[in-house]
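Q: Could you walk me through the ligand site of this one, and then the cysteines?

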Amino acid sequence: MAELSERVRALVQPQMRGLEPYDPDFAPCRINLSANENDLGLPAPVRARVDAALRATPTNRYPDPMANELRDEIASWHGVSRANVFVSDGGDEALFDLFLAFGGPGRTLVNCPPTFSVYALYASMLGTTVLDVPRDPETFAPNADELAAAAADAAIVVLTSPNNPTGDVMDPAGVARVCEACPGLVLADEAYGEFAGPGLSSEPLLAAHDNLVVLHTFSKAYCLAGARCGYLLAAPDVVDGLAAVRQPYSVGVLAQAAALAVARERAAFEPLVDEIRSERERLLLEIRALGRALPVRVWPSQANFLLVRVPNASRVRSRLRDERSILVRDFSSAPGLADCLRITVGTREENDELLGALEAILKEES
Ligand SMILES: *Cc1c(COP(=O)(O)O)cnc(C)c1O
């Protein structure tokens, strides 16, 4: 998408002059493996519950700003109390509110790239200084020592686990160390936490670390990317701080109703998550096998996507889209991710098509 016009560049706040409208470079395709959505979709009985909830929801009244019914369900799900839960218009709004309330000019956000681009975007928009503590260039592992050192002067430290787009996790012991070192807040973004192995969530640390904030979303494992609902778990006074800066009615009645129905039916998602995890391991092995004869590298992942590196990644991505109608995400121009593509784990059939197409294109390209 185009940069801002000369006129608007002169009118916006100085730190926003370099911004461009967000463009996920989406193209309608037969197979969409580009946005880490749950390709299996809502199970039919859950969809029926969601539909019934939507039908029963009047739209002429404003929503409950804090979404208290949903908060209570989330609280009992995670073993915390209502006061620990902040519901938002997608996880993205929670990130914005967190950075708005606790960042800003004269404050530092510690970031761990390559990672989700939204953190640096929101931080710079809000005038927050961003201090990068880069991941290992080969393995993408975060450096807990450097993060703990940088955290000593930080208003916010963001630790994404599993990380997007590299798929690796930061173990809870590392998160605890950063919490202890940080006078500000530590965000553990667990948007993909459901896909990770047991014992990898930082949630159990909440009780002992009142500066820890854990982010979850209904967009990934729970099939509600289109409905827009996410939440944070945090100490009650942090939740109050967020509630003080939020847009009062940002989470609409329909989103609240859909998320509540899904939260109540959360057990129904376990088989979907299991299937995605086992497909992820199959894809990993198959792509690794391709890598014995063809120039493709893949990293292990605890999320619902895999990061791969191929020569001419942008071209490979365009060919997948134009010749096979398969959409994946191109990260090749992001720092530290040269020639990298991110592939969401799809259904078994979609993954088979992706593997066949990738093999054929890589053979032709090499
Ligand atoms: C997808 C994602 C989110 C939140 O997404 P929403 O759709 O706004 O809930 C947050 N963090 C990471 C790392 C993500 O990939």
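A: Before the site itself, a word on terms: helices and strands here are DSSP runs, numbered from the N terminus. Bear in mind too that this is a predicted model.

Q: Fine, so which helix and which strand each supply at least two residues of the shell around the ligand?
A: Helix 4 (90-102) and strand 7 (212-217) each do so, and the largest share, three residues, comes from helix 4.

Q: How many residues surround the ligand, and which are the closest?
A: There are 15 residues around the ligand, with Gly-91, Asp-189, Thr-217, Ser-219 and Lys-220 the closest; by class, the shell has five nonpolar, six polar and four charged residues.

Q: What lies 2.6 Å from an oxygen atom of the ligand?
A: That is an N or O atom in the side chain of Tyr-192, while the side chain of Asn-164 places an N or O atom 2.9 Å from a ligand oxygen, and a backbone N or O atom of Asp-92 lies 3.0 Å from an oxygen atom of the ligand.

Q: And how much of the ligand does the protein bury?
A: Taken alone the ligand exposes 380 Å², of which the protein buries 94%.

Q: Switching to the cysteines, how many disulfides are there?
A: The count comes to zero.

Q: Why is Cys-182 without a bond?
A: Because the closest cysteine sulfur, in Cys-179, is 7.7 Å from the sulfur of Cys-182, which is too far for a bond.

Q: And Cys-340, how far away is the nearest cysteine sulfur?
A: The sulfur of Cys-112 is the nearest, 16 Å away, and Cys-340 is in no disulfide.

Q: Is Cys-340 buried or exposed?
A: Cys-340 is buried, with a relative accessible area of 0%, and Cys-182 also counts as buried, at 6% relative accessibility.

Technical notes:
Residues are numbered from 1 along each chain as its sequence is written. This is a predicted model: local features need pLDDT of at least 70, side-chain atom pairs count only at pLDDT 80 or more; totals for chains, interfaces and linings use all residues. Side-chain values use heavy atoms; hydrogens and water are left out. A residue is near a molecule or strand if one of its heavy atoms lies within 4 Å of it. A polar contact is a pair of N or O atoms within 3.5 Å; within protein, one must be able to donate a hydrogen and the other to accept it, and residues adjacent in sequence count only if both atoms are side-chain atoms. Accessible areas come from the Shrake-Rupley method with a 1.4 Å probe; for residues, only the protein chains shown count as cover. Helices (H or I, at least four residues) and strands (E, at least two) are DSSP runs, numbered from the N terminus. Ala, Val, Leu, Ile, Met, Phe, Trp, Tyr, Cys and Pro count as nonpolar, Asp, Glu, Lys and Arg as charged, and the others, Gly among them, as polar. A disulfide is a pair of cysteine sulfur atoms within 2.5 Å. Buried means under 20% relative accessible area, exposed over 50%, partly exposed in between (1.4 Å probe, protein chains only).
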